[in-house]
Amino acid sequence: MRNGPIGQYLIEKGLINEEQLLQILDRQKESKGKMFGDVIVEMGMISDEQFAQVLAERLNVPYIDLKNFEFDIEVVRKIPESIAKKYNLIAISQMGKRLTVATNDPANFYIFEDVRAATGCNVIPVLATKNAISQAIGKIYSEGVMSNVVDDVNKEVEESTDIDSIDLSGDRIDNAPIVKLATQIVESAFRKEATDIHIEPFKTKTVVRVRINGDLFELMEPLTYKIHNALITRFKIVSGMNIAEKRIPQDGRFSQDVDGVHLDLRVSNLPTVHGEKVVIRILATGDVSVRKITDLGMNVYNYKKFESMLKVPQGVLLVTGPTGSGKTTTLYAALGELAKPNVNVITVEDPVEKAIEGINQCQVNVKAGMTFGAALRSILRQDPDIVMIGEMRDQETAEIAIRAAITGHLVLSTLHTNDAASTITRLVDMGVPAYMVATSLIGVVAQRLTKVVCPHCKRPRMSTPEENELMGIDHSITIYDAVGCPDCNNTGYRGRTAIHEILLSTPDMGSLIASGAKADQIEKLAKQEGTKLLRDNVSELVQQGKTTMSELVRVTYAV
């Protein structure tokens with residue numbers, strides 16, 4: 001079957017079945033020209049890495065993982081940037097006149113003829129994923145671009161008598177230094193895996209910082225204050241704000257393609273003493289598939305509990321935690337599991353963060369009167385089976401959601417609380433009668449994001465008696481401290497994982513809630529019934545060498 005179609009080869013490998021292959025081929029016909037690999041990854045049947053590895057095996061071409069590959073800049077630049085971007089390929093090594101090139105389409109010999117003409121080298125293809133190649137191209141060819149762009153901006157400032165008079169709204173100004181700088185800031189932030197960009201005005205300078213793994217770092221050297229207004233104006237124009245209004249806060253959004261990924265960028269503008277501050281939230285949109293519940297970082301024990309909650313046909317399931325703790329990601333994963341062709345799923349969100357196929361998604365618009373409460377009332381007349389509410393912000397929303405659950409709907413929502421037990425008392429404090437909470441609640445998932453220690457530079461040591469007590473163990477073990485190396489931007493951490501605390505509403509728990517119990521009583525019963533607290537979860541990660549004691553204290557410390 002190695003010479004047969006890739007779809008049949010995937011079936012032979014047990015990665016898909018005949019029915020799934022037909023669905024993929026139908027979708028490919030509808031998409032008019034999309035490659036089979038792009039369609040199967042988009043549909044979430046297999047990951048892009050899995051597909052690339054299987055394709056490499058079938059074509060008898062070596063597969064290469066570019067994530068941690070050390071590139072030789074001189075070799076990469078053998079291929080002009082325009083050709084690398086046009087064909088999505090990158091040079092990885094050279095021996096004499098033989099150039100090894102990573103591509104996601106190793107059977108397309110016309111591409112290699114163009115590369116040979118441009119480089120004077122014979123091409124040896126190896127296979128890598130499309131996204132990995134796009135990211136590598138963006139990262140390597142852009143090195144040094146930021147400093148060049150800043151130099152151009154500074155030069156324009158010196159030559160211009162009035163920097164604020166530069167027209168930043170037309171299409172012809174895409175090559176204007178300020179526009180290039182705005183574009184480059186977003187690109188650099190995304191490549192560093194940042195979630196937010198802060199552009200902050202001070203008396204003599206403008207500072208650009210990015211949030212990576214929950215902490216803020218300077219993205220570049222401080223800019224001269226003279227360009228601040230022009231840079232802010234550019235972001236206000238692209239995000240649809242009123243550039244003449246500088247006295248009140250404004251919100252907007254725009255999109256930008258970076259390394260083959262379509263980014264949705266939410267912009268918040270705030271007047272401060274020294275000028276307007278802009279914060280940009282970076283969101284990868286529907287191009288990035290919604291995570292499955294198996295990818296949420298839950299341990300086996302919590303995963304089984306969460307899975308059992310999703311099987312309950314009606315009631316309220318709440319995901320709680322502070323802002324930026326991954327609540328929406330968990331809800332989307334749950335919706336992805338629940339959204340079947342035979343159920344009607346409707347969401348009301350502020351704003352809609354990811355488009356999910358097969359789900360009706362509504363966006364809150366307070367100015368137009370489309371509040372959470374108004375949207376919910378209308379949604380309940382739309383014959384829904386499952387309703388997802390972005391956030392329970394007030395008594396009205398909470399009451400409608402609880403009543404919807406009691407009348408036979410499955411309701412998913414989020415709340416900003418510190419742990420699972422205090423979520424229940426928060427609902428009662430919001431004005432929802434305790435008996436209604438007890439009747440409708442399926443369970444609560446409280447979660448946080450904890451940083452994962454960098455595997456390349458972490459330093460082992462033995463735990464102290466005080467740390468043993470925090471972890472709930474009675475003997476010293478090997479734990480790790482964060483150090484910092486080039487691999488992790490000298491932060492000591494690479495990426496984040498979620499920790500969870502899952503409280504199920506059992507009959508005993510329901511009786512306790514209905515009696516008006518306090519959070520500590522609810523937590524005590526939850527522990528008796530097997531709930532592992534957030535600290536238990538992060539303690540496990542410390543013991544496994546995945547995170548540090550400082551993270552345990554940061555994430556779960558309470559007075």
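Is phenylalanine 254 buried or exposed, and what is its relative accessible area? Phenylalanine 254 is buried, with a relative accessible area of 10%, where buried denotes under 20% relative accessible area, exposed over 50% and partly exposed the range in between (1.4 Å probe, protein chains only). The model is predicted, so that local features require pLDDT of at least 70 and side-chain atom pairs count only at pLDDT 80 or more, whereas totals for chains, interfaces and linings use all residues. Residues are numbered from 1 along each chain as its sequence is written, and side-chain values use heavy atoms, with hydrogens and water left out.

Phenylalanine 254 forms an aromatic pair with phenylalanine 235, the centres being 6.2 Å apart and the planes at 40°, a tilted arrangement. Rings of Phe, Tyr and Trp (its six-membered ring) are taken to pair if their centres lie within 6.5 Å, and the planes count as stacked under 30 degrees, as edge-to-face over 60 and as tilted otherwise. The two residues are 19 positions apart and link distant parts of the chain, phenylalanine 235 lying in helix 11 (residues 228-238) and phenylalanine 254 in strand 8 (residues 250-258); helices (H or I, at least four residues) and strands (E, at least two) are DSSP runs numbered from the N terminus. Phenylalanine 235 is likewise buried, at 2% relative accessibility.

By this rule the count comes to four aromatic pairs. In one of them, phenylalanine 109 and phenylalanine 112, the ring centres are 6.4 Å apart and the planes stand at 70°, so the pair is edge-to-face. Both residues belong to helix 7 (residues 109-119), where they are three residues apart, about one turn of the helix. Phenylalanine 109 counts as exposed at 61% relative accessibility, whereas phenylalanine 112 is buried at 7%.

The buried residues of helix 7 are Ile111, Phe112, Val115 and Thr119. Viewed down the helix axis, these residues fall within an arc of 90°, so they line one face of helix 7; the arc is that of the directions from the helix axis to the C-beta atoms. Phe109, Tyr110 and Ala117 are exposed on the other side of helix 7. The cover over its buried residues includes helix 6 (81-87), strand 1 (89-95), strand 2 (98-103) and strand 3 (122-127), contact being defined by heavy atoms within 4.5 Å. Helix 7 is followed by glycine 120, whose phi is positive, near 75°.

Strands 1, 2 and 3 form an open sheet in the order 1-2-3 with mixed pairing, two strands being paired if DSSP finds at least two bridges between them. Strand 1 and strand 3 are the edge strands, each pairing on one side only, and the twist averages 30° from one strand to the next. Strand 1 and strand 2 run antiparallel and are joined by six bridges; the bridge partner of serine 93 is threonine 100 in strand 2. Helix 8 (residues 130-141) lies across strand 1 and strand 2, running at about 75° to strand 1, with axes fitted as lines to C-alpha atoms, for helices over the stretch in contact, and angles running from 0 to 180 degrees between N-to-C directions.

A further open sheet has seven strands in the order 13-12-14-15-11-16-19, again with mixed pairing. Strand 13 and strand 19 (493-504) stand at its edges, each with a single partner strand, so one side of each is left without a neighbour in the sheet. Strand 12 pairs in the parallel sense with strand 13 over four bridges, and four bridges also join strand 12 to strand 14, which run parallel. Among the bridge partners, valine 348 is matched with cysteine 362 in strand 13, and valine 345 stands opposite isoleucine 386 in strand 14. Five of the five residues of strand 12 are buried, so strand 12 is largely enclosed by the rest of the structure; Val345, Thr347 and Glu349 are buried on one side, and Ile346 and Val348 on the other.

Helix 14 (residues 372-379) lies across strand 12, strand 13 and strand 14, running at about 170° to strand 12. Its buried residues are Phe372, Gly373, Ala375, Leu376 and Ile379. Seen down the axis of helix 14, they fall within an arc of 165°, so they line one face of the helix. These buried residues pack against strand 12 (345-349), strand 13 (360-363), strand 14 (386-389) and helix 15 (395-406).
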